[in-house]
Number of protein chains: 2
Amino acid sequence: MSKVEKRDEIFRAALELIAEHGFHGAPMAMIAERAGVGAGTIYRYFENKDVLITELYSEIEGRIYPVIMEGYPEIKAFRERFLHLGTALLRYFIENPLDFRYLEQFHNSPYGVEFRRDRLLGEIEERFVFRELFEVGIAQQVMKDVPLAILFALAFGPLLSVARDHILGFVTLDDDLIARTIEACWDAVRR
Amino acid sequence: MSKVEKRDEIFRAALELIAEHGFHGAPMAMIAERAGVGAGTIYRYFENKDVLITELYSEIEGRIYPVIMEGYPEIKAFRERFLHLGTALLRYFIENPLDFRYLEQFHNSPYGVEFRRDRLLGEIEERFVFRELFEVGIAQQVMKDVPLAILFALAFGPLLSVARDHILGFVTLDDDLIARTIEACWDAVRR
DNA sequence: TAATATGGAATGAACGTTCATTCCATATTA
DNA sequence: TAATATGGAATGAACGTTCATTCCATATTA
């Protein structure tokens with residue numbers, strides 16, 4: 001295994017274990033075993049467990065932005081822009097359940113609170129696109145004139161909730177249901 | 001301190017510490033200290049930490065139902081019923097931030113996953129009222145005809161998200177903003 | 001080219017610490 | 001006085017991290 005591969009294996013193992021069992025269900029020894037490396041080896045790649053957890057978070061964040069932005073710039077109509085981003089994000093989550101669960105674990109932990117200080121939720125670039133879109137929406141009076149945080153809640157709250165329910169098997173989302181869910185979110189935020 | 005008082009003190013201490021710092025930021029010794037009892041004493045009232053955590057959850061659940069049901073039975077119009085329950089729940093959360101944060105911690109932990117198996121989220125009686133209301137709403141064609149889990153997500157997702165943002169200080173909810181938020185949730189679920 | 005030396009990566013046993021739980025001498029209650 | 005409750009020290013399991021040692025690809029030497 002090359003250096004990069006080994007680092008990736010550690011990431012993968014940590015992602016799997018933490019997404020499924022939480023931070024405390026993923027001891028370093030178990031991560032090492034699943035990654036196929038010695039326990040001490042992890043510390044050659046990551047200073048400590050906190051750093052591993054935080055860097056893995058950034059890694060996952062970095063994967064999402066390009067995916068949801070695919071095809072986005074060409075869309076001009078406001079409503080369709082909203083639907084595109086919402087659908088793409090929801091799709092990403094249900095297609096990458098480990099990533100989703102990891103983000104959830106992270107956000108609902110002491111790590112996450114710190115992060116949410118300056119960006120309410122989600123990835124920083126990603127969040128930037130949404131913020132921009134929402135600010136235009138308010139200015140053009142197509143969206144409700146409420147604080148951004150509330151628009152975010154109306155748009156992302158259901159999205160996260162629905163993604164989790166799908167992943168846990170409480171509901172099965174198909175294309176039709178995804179579309180109707182995002183449209184319902186649109187109903188919530190539009191004027 | 002009487003037996004009941006002591007039990008209450010343990011509950012209060014556990015609630016405070018867990019709501020603020022999570023389950024792992026609340027060691028039994030710390031709970032005991034804050035409750036003003038010996039570490040061993042807790043085990044006279046609760047078999048172990050799991051039982052303490054689970055019973056505290058039930059305790060909090062039990063407080064919510066009567067509050068949100070106050071005045072509810074007299075309301076006949078469907079939309080107003082929805083707004084009443086939503087508003088009452090959101091109000092309860094922002095007036096009882098420790099309760100809210102505890103429920104969040106619980107739901108986002110291995111304890112919570114188990115609980116969500118048979119009731120998607122929230123208290124069992126509470127959930128029952130909502131389920132009943134939503135089923136009527138679908139039958140009468142005033143709500144969107146999507147799976148219950150999705151209606152729950154559309155109604156509660158934003159509610160939880162907004163409550164958290166308020167408690168963390170990212171937004172300040174006044175009566176007007178609460179009303180507009182719940183009305184936006186209504187827009188999401190209604191036909 | 002073959003034999004040897006080198007340095008840094010990898011290993012996993014060992015260590016210190018944290019924590020839930022138990023134990024038991026003492027205090028309180030009936 | 002007997003029965004019960006209390007508190008906090010003691011226990012042992014679990015965990016993150018360290019570190020002496022091994023391993024191995026590459027460089028150096030003969």
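The questions below concern a predicted model and cover the contact between its two chains, DNA strand C and one histidine.

Q: How many residues does the contact take from chain B and from chain A, and about what area do the chains bury between them?
A: The contact draws 30 residues from chain B and 30 residues from chain A. Carbon and sulfur atoms carry 66% of the area buried between these chains. That buried area is about 2900 Å².

Q: Which helix of chain B gives the largest share of the side that touches chain A?
A: Five residue pairs are in polar contact between chain B and chain A, both residues at pLDDT 80 or more. On the side of chain B that touches chain A, helix 9 (148–168) and helix 10 (175–189) of chain B each supply at least two residues. By class, this side holds 17 nonpolar, five polar and eight charged residues. Its largest share, eleven residues, belongs to helix 9 of chain B.

Q: Which residue of chain B meets A:Asp187 in a salt bridge?
A: Between chain B and chain A the count of salt bridges is two. One of them joins the side chain of A:Asp187, with an N to O distance of 2.8 Å, to that of B:Lys144.

Q: What percentage of the atoms of DNA strand C within 4 Å of the protein belongs to sugar and phosphate?
A: Around DNA strand C there are 15 residues, and those that come nearest are A:Gly38, A:Thr41, A:Arg44, B:Met28 and B:Lys49. Of the strand's atoms that come within 4 Å of the protein, the sugar and phosphate share is 70%.

Q: Which residue has a polar backbone atom 3.2 Å from a base nitrogen of DNA strand C?
A: Two tyrosines approach phosphate oxygens of DNA strand C: a side-chain N or O atom of A:Tyr45 at 3.0 Å, and a polar side-chain atom of B:Tyr43 at 2.9 Å. The surface near the strand has six nonpolar, five polar and four charged residues, and helix 1 (3–21) and helix 3 (42–45) of chain A each supply at least two residues of this surface. The polar backbone atom at 3.2 Å from a base nitrogen is that of A:Gly40.

Q: Which residue has its backbone nitrogen 2.9 Å from a polar side-chain atom of A:His166?
A: A:His166 sits in helix 9 (residues 148–168) of chain A. Apart from neighbours within four places in sequence, A:His166 is in contact with A:Ile94, A:Val171, A:Thr172 and A:Leu173. The backbone nitrogen 2.9 Å from a polar atom of the A:His166 side chain is that of A:Leu173.

Terms used:
Residues are numbered from 1 along each chain as its sequence is written. Chains are lettered from A and ligands numbered from 1 in the order in which they are written. Side-chain values use heavy atoms; hydrogens and water are left out. Contact means heavy atoms within 4.5 Å. Buried area is the accessible area (1.4 Å probe) that two parts lose on being put together, summed over both. A salt bridge is a side-chain nitrogen of Lys or Arg within 4 Å of a carboxyl oxygen of Asp or Glu. A polar contact is a pair of N or O atoms within 3.5 Å; within protein, one must be able to donate a hydrogen and the other to accept it, and residues adjacent in sequence count only if both atoms are side-chain atoms. Helices (H or I, at least four residues) and strands (E, at least two) are DSSP runs, numbered from the N terminus. Ala, Val, Leu, Ile, Met, Phe, Trp, Tyr, Cys and Pro count as nonpolar, Asp, Glu, Lys and Arg as charged, and the others, Gly among them, as polar. A residue is near a molecule or strand if one of its heavy atoms lies within 4 Å of it.
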